[in-house]
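Student: I should like a close look at a single part of this protein, namely one residue and what surrounds it. Please then connect that residue to the rest of the structure in one continuous account.

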Amino acid sequence: MKIHEYQGKQIFAKYGMPIPKGYPAMTVDEAEAAAKRLIAETGSNVTVVKAQIHAGGRGKGGGVKVAKGGAADARALAEKILGMQLITHQTGPEGQKVRRLYIEQGLDIERELYLGAVVDRDRRRIAFMASTEGGVEIEKVAHDTPEKIITVHVDPVVGLSAYQSRQLAFSLGLEKHGKETVAKFVKLMGSLYELFVKEDCSLCEINPLVILKGGDVVALDAKLNFDDNADFRHPGWGELHDADEDDPIELEAKKAGLNYVSLDGNVGCLVNGAGLAMATMDIIKHAGEKVGVAPANFLDVGGGANQEQVTKAFSMILKSPKVKAIFVNIFGGIMKCDVIAAGVVAAAKELGLKVPVIVRLEGTNVELGRKILTDSGLAITPAVDMADGAAKIVKAVSGQA
């Protein structure tokens with residue numbers, strides 16, 4: 001689960017991490033009031049108006065602006081940003097509507113750095129990453145100049161050691177700002193590690209982490225992702241969730257007990273099981289990459305779905321305007337093929353089948369499932385195996401095999 005920057009900073013503050021003063025605002029009036037409050041509290045006329053969406057690159061997209069002319073200036077910027085369709089490299093071309101703002105005090109910044117923590121699944125440890133290239137797209141840094149990212153892994157038995165924090169501090173050249181700056185960085189890393197573990201994070205990024213003119217170390221941004229598997233341990237997560245930032249179809253699927261992931265292609269995929277889902281997307285991508293055919297989504301109905309859930313799943317795929325054809329790829333174990341077939345037929349008749357459907361069924365009750373599809377009178381093309389299904393779905397979308 002993702003949360004907004006201002007929510008992340010509230011959690012930072014809970015663990016004693018230094019952050020700028022700031023207040024969230026849902027309206028232009030609230031933004032102006034927040035700016036007035038900050039100016040009174042800090043004595044500085046400079047504030048920053050920041051769009052709150054679940055995507056990085058907001059500054060380049062025009063979602064972060066500095067107001068140097070007092071509260072009136074902050075209000076004028078809030079009027080421009082609130083409600084805009086903010087497009088960044090992480091939102092895709094459709095962008096994300098700005099519904100919330102964060103008004104923050106301006107700081108006297110000397111350096112911008114990057115500090116992040118993530119679960120390294122290969123090593124089964126938390127990895128801390130730091131770079132002198134803060135305030136820019138860290139993905140681009142990792143791709144073009146990976147040597148500029150320094151990584152340390154934390155032993156889960158020992159925990160984060162002070163020497164590891166100092167190792168990153170010296171690799172960032174913090175000693176030139178003085179011993180106190182190094183000590184502040186080490187303390188911040190300790191707090192971040194404690195937060196990461198106790199809050200069940202899957203990712204935490206501070207980009208930029210700034211060094212002020214006086215040598216203080218401050219988290220100027222906050223990106224926190226929680227591990228959904230730990231939801232049962234955190235009843236407060238529900239209050240942090242912003243449904244406006246989620247894909248509406250993914251929300252609908254979650255409520256129906258289904259696993260749906262929206263992608264950028266043009267083939268809807270109805271499958272059962274995570275492994276088969278991955279294999280199905282791989283084979284579609286392999287067969288159709290040269291002609292622009294790729295998965296638009298995958299909807300995993302799992303192993304125990306009933307006909308109602310299958311009908312719901314197929315209906316959600318049909319609603320997507322990106323979908324030009326549908327590949328149903330089911331291996332019936334616990335899940336019975338006749339249940340899948342009945343659900344597909346019910347949804348297609350209810351919503352009207354307007355795109356080609358390729359169906360590959362194998363396993364429990366496969367003959368009964370195929371009979372249900374054949375007797376339905378719907379324009380459904382059978383496939384004998386995955387490769388045959390992939391070839392037919394590519395032909396259906398592109399006209400080429």
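Tutor: Contact here means that heavy atoms lie within 4.5 Å of each other. The model is a predicted one. The residue chosen for the close look is His4, which is placed in the segment before helix H1 (5–14). Is His4 buried or exposed? Its relative accessible area is 1%, and the limit for a buried residue is under 20%, so His4 counts as buried. When its neighbours within four places in sequence are left aside, His4 is in contact with Gln52, Ile53, His54, Arg100, Asp242 and Glu245.

The setting of His4 can now be widened to the whole chain. The protein has 401 residues, of which buried residues make up 50%. It contains 13 helices and 18 strands, and its C-alpha trace spans about 75 × 50 × 40 Å along the principal axes. Of the contacts with a separation of 6 or more, 69% are accounted for by residues 24 or more positions apart.

The nonpolar interior comes next. The largest nonpolar core has 41 residues, and Phe12, Leu115, Phe128, Phe185 and Ile206 touch the most other members. Helix H6 (residues 179–198) gives the most to this core, contributing nine residues. A second, separate core consists of 34 residues, among them Leu270, Ala305, Cys337 and Ile380. Returning to Phe128, and not counting residues up to four places away in sequence, one finds that Phe128 touches Leu115, Gly116, Ala117, Ile150, Thr151, Val152, Val154, Leu160, Leu168, Met189, Leu192 and Tyr193.

Two further buried residues may be set beside His4. Thr181 is placed in helix H6 and, at 2% relative accessibility, counts as buried. Beyond residues up to four places away in sequence, Thr181 touches Leu174, Ile211, Gly215 and Val217. Phe298 lies in strand E15 (residues 297–300) and is buried as well, with a relative accessible area of 12%. With residues up to four places away in sequence again not counted, Phe298 touches Asn259, Tyr260, Val261, Cys269, Ala277, Met278 and Met281. Phe298 is also 35 Å from Gly134 in space, C-alpha to C-alpha, and 164 residues from Gly134 in sequence.

Ring packing adds to the picture, with a count of three aromatic pairs. One of these is formed by Phe226 and Trp237, which are stacked, at 4.5 Å centre to centre and with 10° between the planes. Phe226 belongs to strand E12 (residues 223–226) and Trp237 to helix H7 (residues 237–240), so the pair ties together parts that are 11 residues apart in sequence. Both Phe226 and Trp237 are buried.

Finally, there is a packing of two helices. The axes of helix H8 (residues 248–255) and helix H10 (residues 307–319) come within 11 Å and cross at roughly 175°. An angle over 145 degrees counts as roughly antiparallel, and H8 is therefore roughly antiparallel to H10. H8 makes this contact through Ile249, Glu252 and Ala253, and H10 through Lys312, Met316 and Lys319. These contact residues divide into three nonpolar, no polar and three charged.

To return to the residue in question, His4 is buried at 1% relative accessible area, and its contacts outside its neighbours within four places in sequence include Arg100, Asp242 and Glu245.

Methods. Residues are numbered from 1 along each chain as its sequence is written. This is a predicted model: local features need pLDDT of at least 70, side-chain atom pairs count only at pLDDT 80 or more; totals for chains, interfaces and linings use all residues. Side-chain values use heavy atoms; hydrogens and water are left out. Axes are lines fitted to C-alpha atoms, for helices over the stretch in contact, and angles run from 0 to 180 degrees between N-to-C directions. Helices (H or I, at least four residues) and strands (E, at least two) are DSSP runs, numbered from the N terminus. Angles under 35 degrees count as roughly parallel, over 145 as roughly antiparallel, 65 to 115 as roughly perpendicular and the rest as oblique. Ala, Val, Leu, Ile, Met, Phe, Trp, Tyr, Cys and Pro count as nonpolar, Asp, Glu, Lys and Arg as charged, and the others, Gly among them, as polar. Rings of Phe, Tyr and Trp (its six-membered ring) pair if their centres lie within 6.5 Å; planes under 30 degrees apart count as stacked, over 60 as edge-to-face and the rest as tilted. Buried means under 20% relative accessible area, exposed over 50%, partly exposed in between (1.4 Å probe, protein chains only). A nonpolar core is a set of buried Ala, Val, Leu, Ile, Met, Phe, Trp, Tyr and Cys residues joined through side-chain atoms within 4.5 Å.
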